[in-house]
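Here's a walk through a small piece of modelling output, taken one piece at a time. Keep the viewer open and follow along.

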Amino acid sequence: FSRKTKKRFTNEFKLNIVLEGYASGNFSSTAARHGVHISQINRWKQQLLEKGSLTYYSGDLMLYYMYGQ
């Protein structure tokens with residue numbers, strides 16, 4: 001009898017998935033492409049809106065995400 005281990009995702013991965021979903025306009029295909037369930041992405045979007053912040057650094061288009069942890 002085998003136990004599944006819980007997948008752990010970095011904050012950077014979560015942010016990139018959410019941003020990719022917004023950029024493509026299709027969260028379902030983004031979820032399928034990365035092997036993540038759509039409901040998980042919806043939770044990450046909600047967490048981003050409630051706790052997160054996006055900032056631009058030194059004029060680059062690089063985003064820094066602070067996940068509230």
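What follows goes from the overall layout to the helices and then to a few individual residues.

Before anything else, keep in mind that this is a predicted model. The protein has three helices and two strands, and if you read along the sequence they come in the order α-α-α-β-β. Of the 69 residues, 22% are buried. As for the contacts between residues at least 6 apart in sequence, 32% of them join residues at least 24 apart.

Let's start with α2, which runs over residues 27-34. Which of its residues are buried? They are Phe27, Thr30 and Ala31. These residues cover an arc of only 100° around the axis, so they sit on the same side of α2. Turn to the other side of α2 and you find Ala32 and Arg33, both exposed. The buried residues, for their part, pack against α1 (11-24) and α3 (38-51).

The two ends of α2 are worth a look as well. At its start, a side-chain oxygen of Asn26 comes to within 3.1 Å of the backbone nitrogen of Ser28. Asn26 also uses its backbone: the backbone oxygen of Asn26 is 3.0 Å from a polar atom in the side chain of Thr30. Just after α2 comes Gly35, with a positive phi of about 70°.

Now stay with Thr30 for a moment, since this α2 residue shows up in several places. Thr30 counts as buried because its relative accessibility is 0%. Setting aside residues up to four places away in sequence, Thr30 touches Ile17, Glu20, Gly21, Ser24 and Ile41.

One of those partners, Gly21, belongs to helix α1. Gly21 has 0% relative accessibility, so it counts as buried too. Beyond its neighbours within four places in sequence, Gly21 is in contact with Asn26, Phe27 and Thr30. If you'd like a backbone distance to check in the viewer, try Gly21 to Ala31: they are 10 residues apart along the chain, and their C-alpha atoms are separated by 8.2 Å.

Next, how do α1 and α3 meet? Their axes come within 10 Å and cross at roughly 100°. An angle from 65 to 115 degrees counts as roughly perpendicular, which is why α1 is described as roughly perpendicular to α3. On the α1 side of this meeting are Phe13, Lys14, Leu15, Ile17, Val18 and Tyr22, and on the α3 side are Ile41, Trp44, Lys45 and Leu48.

Pick out Ile17 from that set. Leaving out residues up to four places away in sequence, Ile17 touches Thr30, His34, Ile41 and Trp44. Ile17 is also part of the largest nonpolar core, which has nine residues: Leu15, Ile17, Val18, Phe27, Ala31, Val36, Ile41, Trp44 and Leu48. Each of α1, α2 and α3 supplies at least two residues of this core. Select the nine residues together and you can trace how the helices share them.

Leu48, another member of that core, lies in α3. Its relative accessible area is 12%, so Leu48 is buried. Leu48 and Val18 are 30 residues apart in sequence, yet their C-alpha atoms are 8.8 Å apart in space.

Finally, take a look at Lys45, which also lies in α3. Is Lys45 buried or exposed? The cut-off for buried is under 20% relative accessible area, and at 17% Lys45 therefore counts as buried. What does this lysine touch? With residues up to four places away in sequence left out, Lys45 touches Val18, Tyr22 and Phe27. Two of these names have come up already: Val18 and Phe27 both belong to the nine-residue nonpolar core.

To put the picture back together, begin at α2, whose buried residues pack against α1 and α3. Then add the crossing of α1 and α3 at roughly 100°, and finish with the nonpolar core to which each of the three helices contributes at least two residues.

Note on methods. Residues numbered from 1 in each chain as written. Predicted model: local features only at pLDDT ≥ 70, side-chain atom pairs only at ≥ 80, totals over all residues. Heavy atoms only, no water. Buried < 20%, exposed > 50% of the residue type's maximum accessible area, 1.4 Å probe, protein only. Helix = DSSP H or I, 4+ residues; strand = E, 2+ residues; numbered from the N terminus. Arc of directions from axis to C-beta. Contact = heavy atoms within 4.5 Å. Polar contact = N/O pair within 3.5 Å; in protein donor to acceptor, adjacent residues only side chain to side chain. Core = buried A, V, L, I, M, F, W, Y, C linked by side-chain atoms within 4.5 Å. Axes fitted to C-alpha atoms, helices over the stretch in contact; angles between N-to-C directions. Parallel < 35°, antiparallel > 145°, perpendicular 65-115°, else oblique.
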